[in-house]
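Welcome! Please take a moment to turn the structure around on your screen, and then let us walk through part of it together.

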Amino acid sequence: MSTARDLRPTWAEIDRGAFSRNVDSIARRLPRGSQLIAVLKGDAYGHGAVELAKLCTPDRVAMIATALLEESLELRRAGIELPLLVLGPLTESQIGIALDQRITMGVVGPEELELVCRVARARDVAIHLKLDTGMGRMGVTEAELPRVVEMIRSTPRLRVEALYTHFANADDSSDTLTDVQIEKFRAMSAALRAQRHHLANSAATMRGLIEPGDFVRVGIALFGAEVVGSRLDPVLRWRTEIMRLKDLPSGHGIGYGTTFHTLRPSRIATLPVGYADGYDRNLSNNAYVLVRGRRAPVVGRVSMDLLTIDVTDIPDARYGDEAILLGDEISVDELAKRAGTISYELFCRISKRVPRFYK
Ligand SMILES: *Cc1c(COP(=O)(O)O)cnc(C)c1O
């Protein structure tokens, strides 16, 4: 691990070993012929896409997917040689860039397909094509299918390598929409015929909703967040240090709006981290930080650059002690729930101001 004593004491440690084990664990549970597409969009859900992409070896990972072309370009520039897939929509000028950089487009609808077909008059183009099977967001709808089939038929240099769709509710096993989407995908893909299919996200993969030979697109599970009741190894540990420690009398207000008043003579520790770092303001008076292995409640409002915790019940707490915001006993799911959001967003919002170190 890099020594970071000349930096601010707030940083996130990314455990490469844990990420690799999670990749292994997912790859091993896939049925025969199926392969993993590692979804590393949003800078690998805040974990750092370049560093984690380097751990994706071709024996375990067939492709890396990003949302933006820029995210895939960053990986190419960093020397990542695995096939790359862009899941989000591309503009006309981005299509040529994607092709030049050997980045596969996950074409999201007839508008984009038309632009791609125009390019494919002059060169060979292989794409993945997205179908809307019920989410109503991206993908070709059933009504658009005949026109899309015709566009593909009349563009001989265009090859649809894979068809894919995305589940809206796969994390809820009681929701029948997932079955409806699978059925609809079967029906729609019969009209198009491609060598490969991919439907499953993390939740569907953990539930085993995978046909042999299908690829899966797994993101959140690779980072050790909870998915349909189970979780792999947590990868990210976010820590800081106590930079102010003071004793306050009973009845003393804390922070903006003085939303907390000490109910007893209290020892209050101030941490140099706040909502500008991605520590959600909704965690004001509503979360715990680990000090010496024990939970200290966040008291008062989270400020932009600071937050305060009550360490009265941790009498051995000292100036300079490590304070764990996320990691060990504090799971991303606990923190996300308290903040009124999901693990995905909580990870993504840990800001640039928090350096990531890889061990
Ligand atoms: C983000 C995303 C995924 C990965 O979803 P997880 O729930 O993180 O596994 C898969 N497919 C598409 C199209 C996505 O946008």
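The paragraphs below follow the strands and then the helices that link them.

Keep in mind from the start that this is a predicted model. A good place to begin is the overall arrangement: eight strands close into a barrel, in the order S2-S3-S4-S5-S6-S7-S8-S9, with parallel pairing. From one strand to the next, the twist averages 30°. As general background, the strands of a sheet pair through backbone hydrogen bonds, in either a parallel or an antiparallel way.

Now let us step along part of that order. Strand S4, residues 84-86, is joined to S5 by three bridges, and the two run parallel. If you want a spot to look at, find Leu85, which stands opposite Thr104 in S5. Helix H5, made of residues 92-100, packs on the sheet here and touches both S5 and S6. The direction of H5 makes about 140° with that of S5.

Next comes the pairing of S5, residues 103-107, with S6, which is again parallel and has three bridges. Here Gly106 has His128 in S6 as its bridge partner. How does the chain get from S5 to S6? It passes through helix H6, residues 110-119, in a β-α-β crossover that is right-handed.

Strand S6 itself deserves a closer look. Is S6, which spans residues 125-130, mostly covered or mostly open? Five of its six residues are buried, so to speak under cover. On to the next neighbour: S6 and strand S7, residues 158-164, run parallel and are joined by six bridges. Among the residues involved, Lys130 has Tyr164 in S7 as its bridge partner. The chain travels from S6 to S7 through helix H7, residues 145-153, and this β-α-β crossover is right-handed.

We have now met two linking helices, so let us see how they sit together. H6 and H7 pack with their axes 10 Å apart, at an angle of about 10°. Because angles under 35 degrees count as roughly parallel, that makes H6 roughly parallel to H7. On the H6 side, the contact is made by Pro110, Leu113, Glu114 and Cys117. H7 brings Arg147, Val148, Met151 and Ile152 to the contact. Sorted by class, the residues in this contact of H6 with H7 are six nonpolar and two charged, with no polar ones.

Definitions and conventions:
Residues numbered from 1 in each chain as written. Predicted model: local features only at pLDDT ≥ 70, side-chain atom pairs only at ≥ 80, totals over all residues. Heavy atoms only, no water. Buried < 20%, exposed > 50% of the residue type's maximum accessible area, 1.4 Å probe, protein only. Helix = DSSP H or I, 4+ residues; strand = E, 2+ residues; numbered from the N terminus. Pairing = 2+ DSSP bridges. Right-handed = clockwise from strand over helix to strand, strands pointing away. Axes fitted to C-alpha atoms, helices over the stretch in contact; angles between N-to-C directions. Parallel < 35°, antiparallel > 145°, perpendicular 65-115°, else oblique. Contact = heavy atoms within 4.5 Å. Nonpolar A, V, L, I, M, F, W, Y, C, P; charged D, E, K, R; others polar.
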